[in-house]
Amino acid sequence: MEQQAADVLLATQTALSQASALAVQYSFSVLGAVILLVLGWTLAGFASRWAYEGLSRVHGIDETLARFFTNVLRYVLLILVFITVLGQFGVQTASIIAALGAAGLAIGLALQGTLQNIAAGIMLLILRPFRVGEYIETSSVAGTVREIGLFATELRTTDGLYRLAPNSTLWNTPITNFSREATRQNELKIKVADEDDLDQAMERLMGLAKADSRVLTSPAPSVFIDSLGDNAIAVTLRYWAKTGDWWVVSRDMVKRVKLAFDEKANDKPAVVANVSDTAPAKTSNGRATAKKPAPTRQ
């Protein structure tokens with residue numbers, strides 16, 4: 001009995017000594033892990049803010065793109081801190097990194113379409129084929145850009161509808177930006193009868209263009225014979241206007257040409273069309289005007 005009691009006492013003392021040693025060892029590990037977490041969290045926040053301020057100073061970097069890169073940097077640093085903390089407790093970090101890599105691959109395959117939209121969004125924000133407030137047109141969508149996100153782009157159509165276009169559909173197709181350039185060209189074509197005074201008709205067209213203050217003098221407007229027909233001669237007026245005024249000027253010019261030639265009984269030319277693209281451009285108030293067909297007169 002005495003021997004058994006002595007053995008029990010010895011085992012108890014050994015267990016207590018081992019427990020105290022483990023407590024001391026893991027207390028330092030826990031303390032070190034807490035310190036690493038606090039320092040890592042603080043440094044990750046500082047690094048992300050520093051990166052955001054640096055990217056904001058770079059010309060051509062969109063704010064959305066800057067925030068995306070800074071958030072990626074922050075989460076990468078936090079993951080590294082978490083792996084380092086696990087290493088403090090003897091966990092094999094190599095296996096964790098391998099597991100994270102496998103999980104990332106699986107997630108990437110599952111979200112292939114979403115990641116494609118993110119990649120396209122990053123390229124759109126870097127290359128800037130269009131900006132907020134500009135009117136664009138592709139083979140599948142058209143409207144005024146309201147917001148450019150990492151996954152999709154929001155647009156407002158000319159008839160006031162909301163449209164959400166995935167970035168991959170915008171990146172993989174040609175884009176026509178009607179608002180990017182400061183000036184736009186327009187052409188107005190009429191037909192003059194053979195017996196009519198051709199020179200007088202051309203002078204009248206040029207006079208109408210020069211009388212409109214919205215028509216630019218550089219490049220200067222021009223009038224020329226476009227083609228010859230059996231019963232009429234096609235005459236074209238070509239002029240330039242500011243992008244914000246283009247739509248209104250083109251409509252007003254059609255009306256003025258009609259009224260000017262209708263004043264004389266012998267001058268009855270037919271306005272064929274505004275042969276330039278009639279898609280709307282951003283006006284001075286930042287909105288796109290509705291697309292309307294060009295009037296004709298026979």
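Here is a short chat about the predicted model shown above.

Me: Hi! How many helices and strands are in the chain?
Reply: Hello! This predicted model has 7 helices and 9 strands.

Me: And how much of the chain counts as buried?
Reply: Of its 298 residues, 35% are buried. The chain exposes about 18,000 Å², and 60% of that area is supplied by carbon and sulfur atoms.

Me: What share of the contacts is between residues 24 or more positions apart?
Reply: Those pairs make up 65%, counting contacts in the chain with a separation of 6 or more.

Me: Good to know. Which residues touch the most other members in the largest nonpolar core?
Reply: Ile 190, Leu 205, Val 223, Val 235, Met 253 and Val 257 do, in a core of 23 residues.

Me: Which elements give two or more residues to this core?
Reply: Two strands and two helices: S6 (183–193) and S8 (232–242), plus H6 (198–211) and H7 (246–262). H6 gives the largest share, with 7 residues.

Me: Let me zoom in, then. What is Val 223 in contact with, leaving aside neighbours within four places in sequence?
Reply: Val 223 contacts Met 202, Leu 205 and Met 206, and also Val 235, Thr 236 and Leu 237.

Me: What about the other core, how many residues does that have?
Reply: That one has 14 residues and lies apart from the largest core. Leu 65, Ile 118, Leu 124 and Leu 150 are among its members.

Me: Changing topic to strands. Which way do S3 and S4 run, parallel or antiparallel?
Reply: Antiparallel, with 5 bridges joining S3 (residues 152–156) to S4 (residues 162–166). As an example to find on screen, Glu 154 has Leu 164 in S4 as its bridge partner.

Me: How many residues are between them in the hairpin?
Reply: There are 5 residues between S3 and S4. Look for Gly 160 in that turn, where phi is positive at about 80 degrees.

Me: One last residue: where is Ser 48 found?
Reply: Ser 48 is in helix H1, which covers residues 2–56.

Me: Why does Ser 48 count as buried or exposed?
Reply: Ser 48 counts as buried because its relative accessible area is 11%, and buried means under 20%.

Me: So what does Ser 48 touch, not counting residues up to four places away in sequence?
Reply: Ser 48 touches Thr 70 and Arg 74. You can also compare Ser 48 with Phe 69, 21 residues apart along the chain: their C-alpha atoms are separated by 8.6 Å.

Terms used. Residues are numbered from 1 along each chain as its sequence is written. This is a predicted model: local features need pLDDT of at least 70, side-chain atom pairs count only at pLDDT 80 or more; totals for chains, interfaces and linings use all residues. Side-chain values use heavy atoms; hydrogens and water are left out. Helices (H or I, at least four residues) and strands (E, at least two) are DSSP runs, numbered from the N terminus. Buried means under 20% relative accessible area, exposed over 50%, partly exposed in between (1.4 Å probe, protein chains only). Contact means heavy atoms within 4.5 Å. Accessible areas come from the Shrake-Rupley method with a 1.4 Å probe; for residues, only the protein chains shown count as cover. A nonpolar core is a set of buried Ala, Val, Leu, Ile, Met, Phe, Trp, Tyr and Cys residues joined through side-chain atoms within 4.5 Å. Two strands pair if DSSP finds at least two bridges between them.
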